[in-house]
Amino acid sequence: MIGLHGHYLPWVDDGASSLEEALQMLRMAEAGGVRCAVLTLTMDPARAPIVRAELERKFGAFALLVERRGIHVRERLGAELVHGPAASGAVDRGKVPFVGE
């Protein structure tokens with residue numbers, strides 16, 4: 001099963017408030033049959049700038065930790081984008097991560 005919408009990445013948006021909470025959320029997803037999870041960050045470029053390289057760095061570090069902790073859920077980086085003029089510009093500039101890139 002693929003989880004297409006999950007706020008697992010800690011300290012990035014309205015999801016997990018700690019690293020241990022994020023890992024526990026993934027363990028619960030794995031126990032429920034999820035084998036791949038899209039870490040769907042809430043992004044609102046009108047409120048805060050999107051720094052894709054920083055998101056990718058945090059995602060990479062988290063994915064490595066998930067693997068080291070023996071959680072067998074593949075992670076993919078995605079985004080839940082708050083619609084508006086700033087969002088269109090962020091997409092046009094390649095700032096928003098899309099699943100399947």
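Begin by selecting Glu-56, which is partly exposed, with a relative accessible area of 37%, and keep in mind throughout that the model is predicted. Now add Arg-52 to the selection: the side chains of these two residues form a salt bridge, with N and O 2.8 Å apart. Both residues belong to helix 2, where they stand 4 residues apart and are therefore separated by about one helical turn. Arg-52 has a relative accessibility of 18% and counts as buried, because the cut-off for that class is under 20%, whereas its partner Glu-56 is partly exposed.

Staying in helix 2, select Arg-57 together with Glu-54, which are 3 residues apart, again a separation of about one helical turn. Their side chains meet in a salt bridge with an N to O distance of 2.7 Å, and Glu-54, at 31% relative accessibility, counts as partly exposed.

Next, move to Glu-20 in helix 1, which spans residues 19-31, and display Arg-69 alongside it. The closest N and O atoms of this salt bridge are 3.0 Å apart. Arg-69 sits in the loop between helix 2 (52-68) and strand 3 (74-81), so the contact with Glu-20 ties together parts that are 49 residues apart in sequence. Glu-20 is partly exposed, with a relative accessible area of 44%, and Arg-69 is likewise partly exposed, at 39% relative accessibility.

To close the tour, display these pairs together: the model has a count of 3 salt bridges, among them the one linking Glu-20 in helix 1 to Arg-69 in the loop that follows helix 2.

Conventions: Residues numbered from 1 in each chain as written. Predicted model: local features only at pLDDT ≥ 70, side-chain atom pairs only at ≥ 80, totals over all residues. Heavy atoms only, no water. Salt bridge = Lys/Arg side-chain N within 4 Å of Asp/Glu carboxyl O. Helix = DSSP H or I, 4+ residues; strand = E, 2+ residues; numbered from the N terminus. Buried < 20%, exposed > 50% of the residue type's maximum accessible area, 1.4 Å probe, protein only.
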